[in-house]
Amino acid sequence: MRASTLDTARLVEGLREQTGGLARAVAGRDPETRVPTCPQWPLRTLVGHVGQEHRWAAELVRGGEQLPVPDPRQAEPGAPDAWGRWLREGAEELIHAIGETGADSGIRTFLGPRPAVFLLRRMLGDTCVHHYDAALATGTAFEIAEDLAADVIGESLELLSDPAFEAARPALAELRGRGERIGFRPDTAPGWVITRAPGALRWERGPVEADVVVTGAVADLMLVLARRVPPEHGRVTVTGDRALLDHWLARTAL
């Protein structure tokens, strides 16, 4: 997998930013609040999942060996008025583990050997998306810096195009094609172009020329790719082969 365009210090800062935003969105809220973008989960499960996965990742970094993925329904985040502190403590546990072990230290992950920073970046991406979920559920403003949103897009495309990830999720083979191209063109930065080649997915950053192009702010493109905002929402513009985009989005849940 490619390296992040962000250094470890910025990834750490970003995890703190997004965990803090999530913590503010959920603190003191009704645990049974439904989360529209995670329709099977009440808010308590969403909070439990994020805090639980940060702690799981920290343990994996410290031990260096892959661990079973925990069940978010079994997480215990405590009382709602303590959720903010519990979430921040989980993020800090992961940050501390990365600092102690070293960002470049090798660990075993579900994709095979990876540097520890791989998990920091994976947790950041998941936290950014779940921050949006929580903000939507509680009617709170969602904010994300452009560089973080761009890295979440890159990280998700790296996962989807990684042969080891496809091996773990064979259904992703349906994303292969005959060279069709899907483009995401932000307002203020280089875009992303996905090529659905017969043998594997490929992607690159740069000028966007594609069979279907989604244009909008980086944060909104991130939310479309994460299947949180539908392409017809009005925050983005779609030109070209809409069926190609819909086929991609229907098969790319992370």
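Let me start with strand β4, residues 191-196: 6 of its 6 residues are buried, so the strand is largely enclosed by the rest of the structure. Buried here means under 20% relative accessible area, with exposed over 50% and partly exposed in between, using a 1.4 Å probe and protein chains only. Strands are DSSP runs of E of at least two residues, helices are runs of H or I of at least four, and both are numbered from the N terminus.

Before going on, the basis. This is a predicted model, in which local features need pLDDT of at least 70 and side-chain atom pairs count only at pLDDT 80 or more, while totals for chains, interfaces and linings use all residues. Residues are numbered from 1 along each chain as its sequence is written, and side-chain values use heavy atoms, with hydrogens and water left out.

Back to β4. In a regular strand the side chains alternate between the two faces of the sheet. From β4, G191, V193 and T195 point one way. W192, I194 and R196 point the other way, and all of these residues are buried.

Now the neighbours. Two strands count as paired if DSSP finds at least two bridges between them. Strand β3, residues 180-186, runs antiparallel to β4 and is joined to it by 5 bridges. The link between β3 and β4 is a hairpin through 4 residues. Strand β5, residues 201-206, also pairs with β4 in the antiparallel sense, over 6 bridges. Between β4 and β5 there is again a hairpin, with 4 residues in between.

Which residues stand opposite W192? In β3 the residue is F184, and in β5 it is R205.

Next, helix α7, residues 218-225. This helix is mostly covered, with 7 of its 8 residues buried. The buried ones are V218, D220, L221, M222, L223, V224 and L225. After α7 comes R227, which has a positive phi, near 65 degrees.

Last, the cysteines. How many disulfides are there? The count is 0, where a disulfide is a pair of cysteine sulfur atoms within 2.5 Å. Why is C38 not bonded? Because the closest cysteine sulfur, in C128, is 14 Å from the sulfur of C38, which is too far for a bond. Seen from the other end, C128 is in no disulfide either, and its nearest cysteine sulfur is that of C38. As for accessibility, C38 counts as buried because its relative accessibility is 11%. C128 counts as buried too, because its value is 0%.
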